[in-house]
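Please read the points below with the structure open beside you, and take them in order, from the whole chain down to one small part of it.

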Amino acid sequence: MNVSFRSTYDFLAPSRISFGWGRRREAGSLARSLGHRAFLIHGSEALERLGIVEEIAESLRKEGIETVRLGTIDHEPLVEDVDRMSALLRESGGTPGDFLLALGGGSAIDLAKASAAMATNRRSLTVKDYLEGVGSGLQVEADPLPLLAMPTTAGTGSEATKNAVISSRRPPFKKSIRSDRMVPRAVIVDPELSVSVPPEVTAATGMDAITQLVESYISLRASPIPQAIALQGLALAAPSIVRAYRSGSDRDAREKMSHAALLSGLALANSGLGMAHGVAAALGIHANVPHGLACAVMLPVALRVNLEVREAEIGLLGEVLCGRRFGSSAEGATAALEKVEELCAAVGIPRRLRDLGVRREQLPAIVESSRGSSMSGNPRQLSDAELGAILESML
Ligand SMILES: [Fe+2]
């Protein structure tokens, strides 16, 4: 198959990635090179209740690393969350030997990434000034505090990316602070941490990872290393997501989904995304739809929209997703679409926007808020009228 190849590229990734079942217990030895005082931001309080926070603090203590609990987060981070965390860090941290430890899903990791950057970039006290599209154009010029990211869900891939997505309710927006300097220094992916994630979160985060692998593969900015990575991620995720959804303690499925999610982060950080992520941001702003769920609902539509301009690529994705060869790109592309729809149905993803609480009168604002970095990578350029009509047909 004649897929595209970009002959000039850069590739950014964390300096060290440690992957494996139970490896959270090595946090202390793996963090030694980062410093001697860890500022911890973590997600759901279940991590506390299950003793995971204490287990990691103990592993750090054994290596002489002090843990300072900075805060927790149970929602996608808002401007005020970052401003509060970075104010705390500026007051009590930022001396040599300090680093951040993010333990949780994409929300905790994004909050930590933005706070680590704001702790050392002090030209404004609010992260809003650093956000793409809505800020005052400030850039991350100083290296953030070092960050160790430990994802507990298999989805966003934020542990491997160079941006943090930050929202605001008034005015409503969802934008990124982004810099090559913001890629976490070290990552520990322990798939065992995802065992307690409930089925509906497993479904949404897993479909987010699959959407990231697909969209980065066909993106206008698609680059060769991420494209190679995406194929392995999809080959592992396609047969695993339903098993992880149905049986949370299935070790093999959890390992493959955690690995696929990590790969999706490496891929999107270097290739960009597309219309599913563009619209997902807008659905988050205007209808409060969780990120992964919004991506999952939009993925089949994004494939259909881009089919004509990326038939060879989507045809190859069809072979990888289905694990077999097809006679032509067209056949493979149709199989890709059918497979994605089958996976969405099997993990309980709704098909219609109204199932997510979206109302017709919200569509113009959703179209307007869909424009951003993700949408600019979509292979087929869509006018506002075209995008509006697509969303209307999905109501
Ligand atoms: Fe995503």
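How many helices and how many strands does the secondary structure of the chain come to?

1. This is a predicted model, and in it the secondary structure of the chain comes to 16 helices and 8 strands.

2. On overall form, a compact globule with 395 residues would have a radius of gyration near 21 Å, and because the chain has 20 Å, the two agree. Taken along the principal axes, the box that the C-alpha atoms fill is roughly 60 × 45 × 40 Å.

3. Turning to burial and surface, 58% of the 395 residues count as buried, where buried stands for under 20% relative accessible area. The chain exposes about 15800 Å², and carbon and sulfur atoms supply 49% of that area.

4. As for contacts in the chain between residues at least 6 apart in sequence, 79% of them join residues that are at least 24 apart.

5. The chain carries 43 positive and 45 negative charges, and the mean positions of these two groups lie 1 Å apart.

6. A closer look at one strand is useful here: is β6 largely enclosed or left open by the rest of the structure? Strand β6, residues 163-168, has 5 of its 6 residues buried, and therefore the rest of the structure largely encloses it.

7. The partner of β6 is strand β7, residues 173-178, which runs antiparallel to β6 and is joined to it by 6 bridges. The two strands form a hairpin, with 4 residues between them, and S168 stands opposite F173 of β7.

Key. Residues numbered from 1 in each chain as written. Predicted model: local features only at pLDDT ≥ 70, side-chain atom pairs only at ≥ 80, totals over all residues. Heavy atoms only, no water. Rg over C-alpha atoms; globule rule 2.2 N^0.38 Å. Buried < 20%, exposed > 50% of the residue type's maximum accessible area, 1.4 Å probe, protein only. Contact = heavy atoms within 4.5 Å. Areas by Shrake-Rupley, 256 points an atom, 1.4 Å probe, with all protein chains shown as cover. Lys, Arg positive; Asp, Glu negative; His and termini not counted. Charge placed at Lys NZ, Arg CZ, Asp CG, Glu CD. Pairing = 2+ DSSP bridges.
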